[in-house]
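Grab a pencil and let's work through a few exercises on one protein model. Try each task on your own before you read the solution.

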Amino acid sequence: MNINGIGSAGYPAWYSAGKTQQNTQGKSFTEQVNAAAETPKVYQIFSDKDMLWTGGNGTGLSYYLKYAEDSTKEDPVILAKGVDENGDEFERTIHVRQVNPESATVVEMRALEAHIGIEKLGGFTSLPMEAGAMGLEDRRDFMDMYRKEIGGMKALFQRKTTAYYEYNMEVYWDYIIKNDPASRK
């Protein structure tokens with residue numbers, strides 16, 4: 001269904017026209033969505049005061065983040081625990097200063113987002129919309145995703161959303177420069 005240029009997924013119809021994204025397992029985006037729809041998901045994540053973030057995305061990936069016991073100011077370490085898009089349990093340890101937004105998983109970016117403490121616009125995610133279709137092992141260039149998202153929002157004259165994504169992208173760039181000045185292109 002396409003209403004005034006908006007596709008059935010809520011994205012502009014041109015946003016994914018002609019593109020076939022491949023994940024690490026070689027499945028197209030459509031195959032991933034169909035597989036996720038057919039996979040029964042039964043999971044619960046409870047929040048407590050120690051959790052930095054809890055939630056999931058449209059693939060069925062669901063997890064929480066909290067600082068690991070061995071986390072320090074010099075080496076912030078975040079524990080991610082939950083279920084992946086196939087319903088399999090997982091646990092990851094993320095050294096925040098090693099997260100590279102130019103090649104990161106959605107879980108790594110959520111850990112970075114939580115550590116930095118990016119203010120969310122009315123609960124709106126700081127990550128590009130495309131992150132909602134990523135599985136646990138999918139790795140993307142989030143800075144490129146921001147560029148595409150910003151371009152799309154500008155084309156739709158969504159000034160506030162454009163400004164919000166530009167702000168988020170700049171916060172992540174500032175973090176990268178602070179931790180590795182040679183990394184900015």
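**Exercise 1.** Is Thr93 buried or exposed? Find out what surrounds it too.

*Solution.* Start with the accessibility: Thr93 has a relative accessible area of 52%, so it is exposed. The cut-offs are under 20% for buried and over 50% for exposed, with partly exposed in between (1.4 Å probe, protein chains only). Before going on, keep in mind that this is a predicted model, where local features need pLDDT of at least 70, side-chain atom pairs count only at pLDDT 80 or more, and totals for chains, interfaces and linings use all residues. Residues are numbered from 1 along each chain as its sequence is written, and side-chain values use heavy atoms, with hydrogens and water left out.

Next, place the residue: Thr93 lies in strand β4. Strands (E, at least two residues) and helices (H or I, at least four) are DSSP runs, numbered from the N terminus. Finally, look for company. Leaving aside neighbours within four places in sequence, Thr93 is in contact with Val77, Ile78 and Leu79, where contact means heavy atoms within 4.5 Å. The C-alpha atoms of Thr93 and Ala68 are 7.8 Å apart, with their positions 25 residues apart along the chain.

**Exercise 2.** In which order do the four strands sit in the sheet?

*Solution.* Read across the open sheet and you get β1-β2-β3-β4, with antiparallel pairing. Two strands pair if DSSP finds at least two bridges between them. Now check the edges: β1 and β4 each have a single partner strand, so one side of each has no neighbour in the sheet. From one strand to the next, the twist averages 15°.

Zoom in on β1 and β2: five bridges join them, and Thr54 stands opposite Tyr64 in β2. Then add the helix: α2 lies across β1, β2, β3 (77-83) and β4, at about 40° to β2. For that angle, axes are lines fitted to C-alpha atoms (for helices over the stretch in contact), and angles run from 0 to 180 degrees between N-to-C directions.

**Exercise 3.** How many aromatic pairs does the whole structure have? Work out the geometry of Trp53 and Tyr63.

*Solution.* The search finds five aromatic pairs. Rings of Phe, Tyr and Trp (its six-membered ring) pair if their centres lie within 6.5 Å; planes under 30 degrees apart are stacked, over 60 edge-to-face, and the rest tilted. For Trp53 and Tyr63, the centres are 4.8 Å apart and the planes stand at 40°, so the pair is tilted. Trp53 belongs to strand β1 (residues 51-56) and Tyr63 to strand β2 (residues 62-67), ten residues apart. Both turn out buried: Trp53 has 13% relative accessibility, and Tyr63 has 2%.

**Exercise 4.** Which parts of the chain does the salt bridge of Arg92 and Glu137 tie together?

*Solution.* A salt bridge is a side-chain nitrogen of Lys or Arg within 4 Å of a carboxyl oxygen of Asp or Glu. The structure holds eight. In this one, N and O are 2.1 Å apart. Arg92 lies in strand β4 (residues 89-95) and Glu137 in the loop between α2 (106-116) and α3 (142-155), so the bridge ties together parts 45 residues apart in sequence. Arg92 is partly exposed at 29%, and Glu137 is partly exposed at 43%.

Now try Arg110 and Glu113: their closest N and O atoms are 2.9 Å apart. Both residues lie in helix α2, three residues apart, about one turn of the helix. Arg110 is buried at 10%, and Glu113 is buried at 2%.
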